[in-house]
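Open the model in your viewer, switch to a cartoon view and keep the selection panel at hand. We will move through it one selection at a time.

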Amino acid sequence: MRRLPRPVRLDFVAPVHRAPLADAALGARAQPRHAAPTPESLKRAAEAATVERELSIPWTRLLAELEAASHDSTASVSLLQVEPDPVKQRVRITAEVRALNDALAYLQRLQKIAVLRHPMLESHERRKDDPEHPLRITLSAEWRT
């Protein structure tokens with residue numbers, strides 16, 4: 001004779017059984033206490049802060065705006081380098097132009113970009129080693145987050 005398995009009864013609305021106070025006190029003591037930060041944990045926290053700061057740079061918006069500014073003056077500006085400084089929230093832009101007027105026009109265009117604050121011309125130098133003698137300019141600005 002074959003036996004049928006007993007039916008399983010599930011009660012999804014059963015009352016919650018609370019642990020006695022003594023058990024709760026033991027559970028509270030078993031929790032680890034916060035230890036003083038170690039040099040290794042401080043180093044990891046500083047590295048995490050650096051990564052967070054770098055990830056907060058509005059790269060997509062910033063690069064799109066710089067690309068649009070370069071397209072507005074395609075015949076006169078060649079963007080060479082974009083160098084961020086996440087600690088100071090500054091960006092340094094290196095480009096080549098044909099004449100100083102082109103550099104000033106590009107600077108005025110950068111001043112209209114909402115992501116950048118206080119763009120300014122840091123330096124300019126005539127490239128004598130290039131047959132066309134372009135003007136290499138360096139601009140810097142703060143970026144807004």
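This tour goes from the whole chain to the sheet, then to single residues and the pockets.

**Stop 1: the whole chain**

Start with everything selected, and keep in mind that this is a predicted model. The chain holds four helices and four strands. Follow it along the sequence and you will meet them in the pattern α-α-α-β-β-α-β-β. Of the 145 residues in the chain, 23% are buried. Looking at contacts between residues at least 6 apart in sequence, 59% join residues at least 24 apart.

**Stop 2: the sheet**

Now colour the strands. The four of them form an open sheet, and its order is E1-E2-E4-E3 with antiparallel pairing. Select 77–85 for strand E1 and 116–126 for strand E3: these are the edge strands, each pairing on one side only. Averaged over the sheet and ignoring direction, neighbouring strands are turned by 20° against each other. As a reminder, strands of a sheet pair through backbone hydrogen bonds, either parallel or antiparallel.

Next, add helix H3 by selecting residues 59–72. Helix H3 lies across E1, E2 and E3, and its direction makes an angle of about 160° with E1.

**Stop 3: strand E2 and its partners**

Select residues 90–97 to pick out strand E2. Is E2 largely enclosed or not, and why? Six of its eight residues are buried, so E2 is largely enclosed by the rest of the structure.

Show E1 alongside E2 first. These two strands pair in the antiparallel sense over eight bridges. Valine 82 stands opposite isoleucine 93 in E2, and aspartate 85 has arginine 90 of E2 as its bridge partner.

Then bring in strand E4, residues 135–143. Eight bridges join E2 to E4, and the two run antiparallel. Arginine 90 turns up again here, with glutamate 142 in E4 as its bridge partner. Further along, threonine 94 stands opposite threonine 138 in E4.

**Stop 4: two residues with positive phi**

Go back to the E1 and E2 pair and zoom in on the turn. The two strands form a hairpin with four residues between them. Pick glutamine 89, which lies in the loop between E1 and E2. Phi of glutamine 89 is near 55°, a positive value in a residue other than glycine. Most residues other than glycine have a negative phi. Is the side of the turn at glutamine 89 open to solvent-sized probes? Put in numbers, glutamine 89 has a relative accessible area of 29%, so it counts as partly exposed, the class that runs between 20% and 50%.Now jump to histidine 118, which sits in strand E3. Histidine 118 also has a positive phi, of about 60°, although it is not a glycine.

**Stop 5: the largest pocket**

Switch on a surface. The largest pocket has a volume of about 180 Å³. Which residues are closest to its centre? Select Ser78, Val97, Arg98, Glu132 and Pro134, which are the closest of the 12 residues that line this pocket. E1 and E2 each supply at least two residues of the lining. By class, the lining of the largest pocket has four nonpolar, four polar and four charged residues.

**Stop 6: the second largest pocket**

For the last stop, find the second largest pocket, which contains about 150 Å³ of space. To show its lining, select Glu83, Pro84, Asp85, Lys88, Arg90, Val91, Arg92, Glu122 and Ser140. The elements that give two or more residues to this lining are E1 and E2. Colour the lining by class and you will find two nonpolar residues, one polar and six charged. Two residues from Stop 3 reappear in this lining: Asp85 and Arg90, which are bridge partners between E1 and E2.

How values were computed. Residues numbered from 1 in each chain as written. Predicted model: local features only at pLDDT ≥ 70, side-chain atom pairs only at ≥ 80, totals over all residues. Heavy atoms only, no water. Pairing = 2+ DSSP bridges. Axes fitted to C-alpha atoms, helices over the stretch in contact; angles between N-to-C directions. Contact = heavy atoms within 4.5 Å. Buried < 20%, exposed > 50% of the residue type's maximum accessible area, 1.4 Å probe, protein only. 1 Å grid on protein atoms, 1.4 Å probe; cavity = no way out; pocket = protein on both sides within 12 Å on 5 of 7 lines; lining within 4 Å. Points joined across faces, edges and corners; volume = space filled by probe spheres on them. Nonpolar A, V, L, I, M, F, W, Y, C, P; charged D, E, K, R; others polar.
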